[in-house]
Amino acid sequence: ASEPKYDYIVVGGGTSGLVVANRLSELSNVTVLVIEAGGSVYNNINVTDTGGYGNAFGTDIDWAYKTVEQKWGGGTTQTVRAGKALGGTSTINGMVYLRAQTSQIDAWEKIGNKGWNWENLYPYFKKGEQFQVPTDYSFLEGSGVAYDPAHHGYDGPLKVGWTSTQLNDGLAQVMNTTYQNMSVPIPYNKDPNGGQMIGYTLYPKTVNSDLNIREDAARAYYYPYQSRKNLHVWLHTNVNKLTWKDGAEVTADGVEITFSNGTTTSVKASREVILAAGALKSPLLLELSGIGNPDILSKYDIETKINLPTVGENLQDQMNNGLAYDSKINYTKSPDYVAYPSAEQLFRNATAVGAQLLRKLPAYAAQVASANGNVTRAADIERFFKIQWDLIFKSGIPVAEILLEPSGYTYDTEYWGSVPFSRGNIHISSADPTAPATIDPKYFMLDFDLHAQAQAARLIREIFKTEPFADMAGEETSPGLSTVAANSDDEGWSSFLKSNFRSNFHPITTAGMMPKEIGGVVDTSLKVYGTSNVRVVDASVIPFQVCGHLQSTIYAVAERAADIIKAQM
Ligand code: FAD
């Protein structure tokens, strides 16, 4: 039999891949194949249960990628979770649906990505969204849930709303008053999804509110469309690398794959190969296919097709820590209350912190470049850092996320500095596509990142001391004042933070969209530099961290990517 052939092959049936596959297969004369390493999780309770966050961790639908020992981050390895299933990481994530601050998306254009700005992306956030208008309003108002109808889309595939377990445990108003009573108040924000994120709110999630089950990329973008004759999905199939056409131009003609029974074969694409395997896989597939740093490729006897040394560089993630407290009240539901403080609200002396950081940026850039073997240049990194500095200290993006999660007689909190400056990298460690990669996010490499993390912890301590909430809370059980004393400086917080953090599971920029001269891997049409028909559409391309969680931005980028691909057909 002759090899099967499709117009487009999408590598990875995850969050971004299924969006692109869905939109391309709207054209009935176009054939699309999605190749996914995992299987269907349609009936997997660890996926569907809206209260089951974490239940899928460590199961066979979690890639559980391991980092190398984190030199600045406590010396140990970290696990970075990612979904291995049709629907990708959207099947195991926290379901939070929060976008970015307008200026953060505008920053993508500032570094040379013409057309990638908030104004152009905002319609794509809405295009994908099927906002479920809450029906029982009195109930909702008691729960603190609010929204601005103008900021939502109603006709898209992805259901967004609130779960019943998020609603009405009577704490919303208390927290609002508490935030207003802080020494530097944090205002109420009715709807942070319009691009202005500062404040305290109760966010929506990717859920089917009627059925009270998780909404993931497969439920939104695949299952309702699975009868399309031109849309095929192969599950339990690993893509090993791209295959190339002979000739002067670098043109992919398909991919090499291995089925679950161990058989290796290839499948052809007549138009394009679209990588959507996630930020911790797509750059590896490029390297395995001969696109990357020749020094790395030659180590594993991989012939360099395209010399693009920044493949796998610029890796950014956040660090997640928590403080825990006793509660005087027994909570039966699990609402999440979120606050997004600005630099003023987090640092208090923002002008001084900003001035000090500005002076350090050249040294930080040199440190990041050197820690990554100077593959990315200090001058370019410094420019990115200055843009990030402007975002923090001039355009007022949130600098941290603070989550309060009551359950039973406890309050858990989670928090992270939104925009750490550290950058690391990910590379292959073998020519064998099943071998684990070398992943090094370089958590806590820069002292500003530690300061933001410590300052967020201090802010939480203040919340628990502020009325009326203070009345409802008991003792701090972790770390506790005997471990980290009140008024501890950053050094005093350091050991607790570094030995108790985890990855915030938001890796990005490993195949960054940027001009090639400053380290980009893909251009503004998400095409890999030097290739005629290979694109990357997943979290790898996002050039700067966003302050909301990643998925809404990834869905929107993929929606826009599909339109770009269609326009170039
Ligand atoms: P993915 O969705 O990971 O898709 C990649 C797909 O490619 C996967 O299905 C994978 O199995 C497949 N694949 C990989 N390699 C191969 C190969 N060689 N061959 C074939 N297939 C392959 N974001 C939010 O907005 N809100 C949250 O609450 C939130 N919580 C999170 C909680 C956790 C535990 C995690 C891990 C992430 C969370 N995120 C959250 C982040 C967000 O979910 C991800 O950033 C996003 O889903 C990534 O989308 P993607 O398209 O880049 O990759």
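# A guided tour from S289 to the ligand

Begin by selecting S289, which touches K241, L242, W244 and K305 when residues up to four places away in sequence are not counted. The coordinates on display are those of a predicted model. S289 sits in the loop between α8 (282-288) and β14 (291-292). With a relative accessible area of 6%, S289 is buried, because buried means under 20%. Display the side chain of S289 and two polar partners can be picked out. A polar atom of this side chain lies 2.9 Å from the backbone nitrogen of L242, and the side chain also reaches the backbone oxygen of L285 at 2.6 Å. Add K241 to the selection: S289 and K241 are 48 residues apart along the chain, yet their C-alpha atoms are separated by 5.2 Å.

**Strand β11 and T243**

Select T243, a residue of strand β11 (residues 237-244). Is T243 buried or exposed? Its relative accessibility is 18%, so T243 counts as buried under the 20% limit. Leaving aside neighbours within four places in sequence, T243 is in contact with T251, A252, D253, G254, V255, E256 and K268. One of these contacts deserves a closer view: the side chains of T243 and D253 are joined by a polar contact of 2.7 Å. For a distance across the fold, pick the C-alpha atoms of T243 and V267, which are 9.0 Å apart in space and 24 residues apart in sequence.

**Strands β2 and β10**

Move to strand β10 (residues 231-234), where the side chains alternate. L231 and V233 point to one face and are buried, while H232 and W234 point to the other and are not. Now add strand β2 (residues 32-35), which runs parallel to β10 and is joined to it by four bridges. To locate the register, select L33, which stands opposite H232 in β10.

**The five-stranded sheet**

Next, show the open sheet of five strands, ordered β7-β18-β19-β17-β22 with antiparallel pairing. Its edge strands are β7 (199-201) and β22 (473-478), each of which pairs on one side only. Neighbouring strands of this sheet are turned by 30° against each other on average, direction ignored. Select β17 (residues 324-331) together with β22: three bridges join this antiparallel pair. Within the pair, A324 stands opposite S478 in β22. Helix α13 packs on the sheet, touching β17, β19 (400-417) and β22, and the direction of α13 makes about 140° with that of β19.

**Helix α13**

Keep α13 (447-465) selected. Most of this helix is covered, with 16 of its 19 residues buried. At 1.5 Å a residue, its 19 residues should span 27 Å, and the end C-alpha atoms are 27 Å apart, so the two values agree.

**Helix α12 and the loop before it**

Select helix α12 (residues 378-393). What span should its 16 residues have at 1.5 Å a residue? The expected span is 22 Å, and the end C-alpha atoms are 22 Å apart, which agrees. Colour the buried residues of α12: D380, I381, F384, F385, I387, Q388, W389, L391, I392 and F393. Their cover includes α3 (102-110), α10 (343-347), α11 (350-371) and α13 (447-465).

Then step to T376, in the loop between α11 and α12. T376 is buried, with a relative accessible area of 7%. Not counting residues up to four places away in sequence, T376 touches T310, E313, N314, A369 and I381. I381 is also among the buried residues of α12.

**Helix α3**

Select α3, in which T102, S103, Q104, I105, A107 and W108 are buried. These buried residues pack against α4 (118-128), α12 and α15 (550-567). After α3 comes G112, whose phi is positive, near 110°.

**The ligand**

Finish at the ligand. Which of the 37 residues around the ligand come nearest? They are T15, S16, E36, T89 and Q551. Select S16 and display its side chain: one of its N or O atoms is 2.7 Å from an oxygen atom of the ligand. Then show the backbone of G94, where an N or O atom lies 2.8 Å from a nitrogen atom of the ligand. In V96, a backbone N or O atom lies 2.9 Å from a nitrogen atom of the ligand.

Definitions and conventions
Residues are numbered from 1 along each chain as its sequence is written. This is a predicted model: local features need pLDDT of at least 70, side-chain atom pairs count only at pLDDT 80 or more; totals for chains, interfaces and linings use all residues. Side-chain values use heavy atoms; hydrogens and water are left out. Helices (H or I, at least four residues) and strands (E, at least two) are DSSP runs, numbered from the N terminus. The expected span of a helix is 1.5 Å times one less than its number of residues. Buried means under 20% relative accessible area, exposed over 50%, partly exposed in between (1.4 Å probe, protein chains only). Contact means heavy atoms within 4.5 Å. Two strands pair if DSSP finds at least two bridges between them. Axes are lines fitted to C-alpha atoms, for helices over the stretch in contact, and angles run from 0 to 180 degrees between N-to-C directions. A residue is near a molecule or strand if one of its heavy atoms lies within 4 Å of it. A polar contact is a pair of N or O atoms within 3.5 Å; within protein, one must be able to donate a hydrogen and the other to accept it, and residues adjacent in sequence count only if both atoms are side-chain atoms.
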